[in-house]
Amino acid sequence: MTTPLLTYTVDEVAALLGIARGVAYESVRSGEIPATRIGRRWLVPRKRFHAWLDGTADRSGAA
């Protein structure tokens, strides 16, 4: 049994939203798309991302 992934990469988010990779990275860096930086990588928590898309994300960053 495999464990579902808890995060998206920025490239996956770009593909899901139909935007350019550079636009996705810019949105992550600015905080527009909820993400967490771990080392050199940006990870986008799936639950926070979908809450943000649905407009139900808490502005403090918790969903």
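What pattern does the protein follow when read along the sequence? In this predicted model, the order is β-α-α-β-β-α, giving three helices and three strands in the secondary structure. The C-alpha trace spans about 35 × 25 × 25 Å along its principal axes. For 63 residues, a compact globule would be expected to have a radius of gyration near 11 Å, and the protein agrees with this at 11 Å. Buried residues account for 25% of the 63. Of the contacts between residues at least 6 apart in sequence, 35% join residues at least 24 apart.

A good place to begin looking inside is the nonpolar core. The largest one has 11 residues in all: Tyr 8, Val 10, Val 13, Ala 14, Ala 24, Val 28, Ile 33, Ala 35, Trp 42, Val 44 and Phe 49. At least two residues of this core come from each of α1, α2 and β3, and α1 gives the largest share, with three residues. Such an arrangement has a familiar background: in soluble globular proteins, nonpolar side chains tend to be buried together.

Helix α2 invites a closer look. Which residues of this helix, spanning residues 21–30, are buried? They are Ala 24, Ser 27 and Val 28. Viewed down the axis of α2, these buried residues fall within an arc of 100°, so they line one face of the helix. The general geometry of helices is helpful here: an α-helix has 3.6 residues a turn, so residues three or four places apart point the same way. Glu 26, Arg 29 and Ser 30, on the other side of α2, are exposed. The cover over the buried residues of α2 includes α1 (10–17) and β3 (41–45).

Two of the buried residues of α2 can be followed further through their contacts. Once residues up to four places away in sequence are set aside, Val 28 touches Val 10, Ile 33, Ala 35, Trp 42 and Val 44. Val 28 itself belongs to the largest nonpolar core, as do these five partners. Ser 27, also found in helix α2, has a relative accessible area of 9% and is therefore buried, the cut-off being under 20%. Leaving aside neighbours within four places in sequence, Ser 27 is in contact with Glu 32 and Ile 33. Ile 33 thus appears among the contacts of Ser 27 and also among those of Val 28. Just after α2 comes Gly 31, with a positive phi near 90°.

Helix α2 also takes part in an ionic pairing. How many salt bridges does a search of the whole structure find? The search finds one, formed by Arg 21 and Asp 11, whose closest N and O atoms are 2.7 Å apart. Arg 21 lies in helix α2 and Asp 11 in helix α1, so this pair ties together parts that are 10 residues apart in sequence. Asp 11 has 37% relative accessibility and counts as partly exposed.

The aromatic residues offer another view of the packing. The count of aromatic pairs comes to two. In one of them, the ring centres of Tyr 8 and Phe 49 are 5.5 Å apart and the ring planes lie at 80°, so the pair is edge-to-face. This pair links distant parts of the chain, with Tyr 8 in strand β1 (residues 7–9) and Phe 49 in helix α3 (residues 46–54), 41 residues apart. Tyr 8 counts as buried at 9% relative accessibility, and Phe 49 counts as buried at 1%. Phe 49 also pairs with Trp 52: their ring centres are 5.8 Å apart and their planes are at 35°, so the pair is tilted. Both Phe 49 and Trp 52 lie in helix α3, three residues apart, which is about one turn of the helix. Is Trp 52 buried or partly exposed? With 27% relative accessibility, Trp 52 counts as partly exposed. Together, Tyr 8, Phe 49 and Trp 52 form one aromatic cluster. Of this cluster, Tyr 8 and Phe 49 are also listed in the largest nonpolar core.

Key. Residues are numbered from 1 along each chain as its sequence is written. This is a predicted model: local features need pLDDT of at least 70, side-chain atom pairs count only at pLDDT 80 or more; totals for chains, interfaces and linings use all residues. Side-chain values use heavy atoms; hydrogens and water are left out. Buried means under 20% relative accessible area, exposed over 50%, partly exposed in between (1.4 Å probe, protein chains only). Helices (H or I, at least four residues) and strands (E, at least two) are DSSP runs, numbered from the N terminus. The arc is that of the directions from the helix axis to the C-beta atoms. Contact means heavy atoms within 4.5 Å. Rings of Phe, Tyr and Trp (its six-membered ring) pair if their centres lie within 6.5 Å; planes under 30 degrees apart count as stacked, over 60 as edge-to-face and the rest as tilted. A salt bridge is a side-chain nitrogen of Lys or Arg within 4 Å of a carboxyl oxygen of Asp or Glu. A nonpolar core is a set of buried Ala, Val, Leu, Ile, Met, Phe, Trp, Tyr and Cys residues joined through side-chain atoms within 4.5 Å. The radius of gyration is taken over C-alpha atoms; the globule rule is 2.2 Å times the number of residues to the power 0.38.
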